[in-house]
Amino acid sequence: MGELHVDSASRAERAGAFARVADEYDRGRPGYPHAAIDWLLGSDALEVLDLGAGTGKLTAALLAAGHRVTAVEPLAQMREILAAALPRAHVLAGTAEALPLASASVDAVTVGAAFHWFDQRVALAEIVRVLRPPGVLGLLGNAFGTSPPWVARVREILGPPAVQRPGHWPSAEELARLFADVEDREFPHEQSVDRASLRDLARSRSSVAVMPEDEREALLARLDRLWDEEPELHTLGTPHTGAHPEGHTPCGGAPPAGAQARRQAGGRAHALMPWRARVRRCRGLLGGELSP
Ligand SMILES: C[S@@+](CC[C@H](N)C(=O)[O-])C[C@H]1O[C@@H](n2cnc3c(N)ncnc32)[C@H](O)[C@@H]1O
């Protein structure tokens, strides 16, 4: 499996940084579109473990699709937000490397934007242990969508993600030793953002959370300037047409899709940030083992 570009102590420190920015994470990060959950899990209600659940971005989409969800998350600050917002979820403290669940106790395991924080080999063995056949493992993450120029500039200001891994996830070949069917798909969706939530998105990144205060403030000031001064954000004023663009699901509420940015009565702009939810679906436990 791919080597981490940061050592495991630094990885743990960075993962722990989420504790300081749990509220920002919840306000600033995108959710996951229903189409992705439907493709991953089908239409029957399943027993699902959402692992590295954070504040419940993926848990919420799983519950909305009718599944019964156990959310496992190591950080108390993230768990508290999840439990308050999603009382139907069964919330447990725990880590991917030592899951607090009985063997063969869930139909599916989902991991949203978290697998790169795990000790992959140990975590995969644990996931295989708690799955009951046929078993589904879903790895999910959000990448910036095909960018209008203002999103490209946001991306440039935010810089690369904290943990750089050649594969980020275990490879499809590696997973094919454990599951009969491994397939990747992407699902476009959109998130309504404004000046404040764009700051939250930035602050919720572990790379920004661990920056010295003055560096972080400088980065946030650049984002504010972009929001306040970027002509594109002020000229995108297409009136709402009603229909959602094909395949796009707005996550996070607020203004309707169809307009990329629009002025509100108070003069404050919302914009729709395009994302691509990436999903790697692994189905059908084989009882195999990872390569040594
Ligand atoms: C980027 S957040 C993703 C949260 C949520 N799944 C989502 O999609 O928004 C990563 C989460 O993984 C958790 N995490 C880090 N290391 C972990 C581990 N070893 N086992 C389980 N969760 C872990 C962090 O505490 C954090 O809440």
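**Exercise 1. Place Ile-127 within the nonpolar interior of this predicted model.**

Step 1. Not counting residues up to four places away in sequence, Ile-127 touches Val-109 and Leu-137.

Step 2. Ile-127 and Val-109 both reappear among the residues with the most contacts inside the largest nonpolar core, a set of 71 residues, where Ala-36, Ile-37, Leu-51, Leu-62 and Leu-140 are listed with them. The largest share of this core, 8 residues, is contributed by strand 9 (residues 269-285).

Step 3. As general background, nonpolar side chains in soluble globular proteins tend to be buried together. Across the protein chain, buried residues make up 40% of the 292 residues.

**Exercise 2. Determine which side of helix 5 faces the interior, and what covers it.**

Step 1. Helix 5, which spans residues 76-85, has Met-78, Arg-79 and Leu-82 as its buried residues. Because these residues cover an arc of only 95° around the axis, they lie on the same side of helix 5.

Step 2. Ala-76 and Ala-84, on the other side of helix 5, are exposed.

Step 3. The cover over the buried residues of helix 5 includes helix 2 (22-28), helix 4 (57-64), strand 2 (68-72) and strand 3 (90-92).

**Exercise 3. Describe how helix 4 is enclosed, and follow the chain just beyond its end.**

Step 1. Of the 8 residues in helix 4, 7 are buried, so that the helix is mostly covered by the criterion of 20 or more other C-beta atoms within 10 Å. The buried residues are Lys-57, Leu-58, Thr-59, Ala-60, Ala-61, Leu-62 and Leu-63.

Step 2. These buried residues pack against helix 3 (34-41), strand 1 (47-51), strand 2, helix 5, strand 4 (106-112) and strand 5 (131-144).

Step 3. Just after helix 4, Gly-66 adopts a positive phi of about 95°.

**Exercise 4. Is Asp-50 buried or exposed, and which residues does it contact?**

Step 1. Asp-50 is found in strand 1. With 33 other C-beta atoms within 10 Å, Asp-50 is buried.

Step 2. Leaving aside neighbours within four places in sequence, Asp-50 is in contact with Leu-58, Thr-59, Leu-62, Val-69, Ala-71 and Thr-110.

Step 3. Asp-50 and Val-72 are 22 residues apart along the chain, yet their C-alpha atoms are separated by 6.3 Å.

**Exercise 5. Characterise the surroundings of the ligand.**

Step 1. The ligand is surrounded by 21 residues, the closest being Gly-52, Gly-54, Lys-57, Gly-112 and Ala-114.

Step 2. Sorted by class, this shell holds 13 nonpolar, 4 polar and 4 charged residues.

**Exercise 6. Locate the backbone features that depart from the general pattern.**

Step 1. Most residues other than glycine have a negative phi, and most peptide bonds are trans.

Step 2. Ala-104 has a positive phi near 50° and is found in the loop between strand 3 and strand 4, where it is partly exposed, with 14 other C-beta atoms within 10 Å.

Step 3. Ala-113 likewise has a positive phi, near 50°; its place is in the loop between strand 4 and helix 6 (120-130), and with 19 C-beta neighbours inside 10 Å it counts as partly exposed.

Step 4. The peptide bond from Pro-133 to Pro-134 is cis, with omega near 10°, and Pro-134 lies in strand 5.

**Exercise 7. Decide where the coordinates call for caution.**

Step 1. The mean pLDDT of the protein chain is 84, and 80% of its residues reach 70 or more.

Step 2. Over residues 237-259 the pLDDT is below 50, although this stretch has 48 contacts in the model beyond near neighbours in sequence. Over residues 262-268 the pLDDT is also below 50, and that stretch has 8 such contacts.

Step 3. Where pLDDT is low, the predicted coordinates should not be read in detail.

Notes. Residues numbered from 1 in each chain as written. Buried ≥ 20, exposed ≤ 12 C-beta atoms within 10 Å, placed from the backbone. Helix = DSSP H or I, 4+ residues; strand = E, 2+ residues; numbered from the N terminus. Arc of directions from axis to C-beta. Contact = placed C-beta atoms within 7 Å. Near = placed C-beta within 6 Å. Nonpolar A, V, L, I, M, F, W, Y, C, P; charged D, E, K, R; others polar. pLDDT = per-residue confidence, 0-100. Core = buried A, V, L, I, M, F, W, Y, C linked by C-beta atoms within 7 Å.
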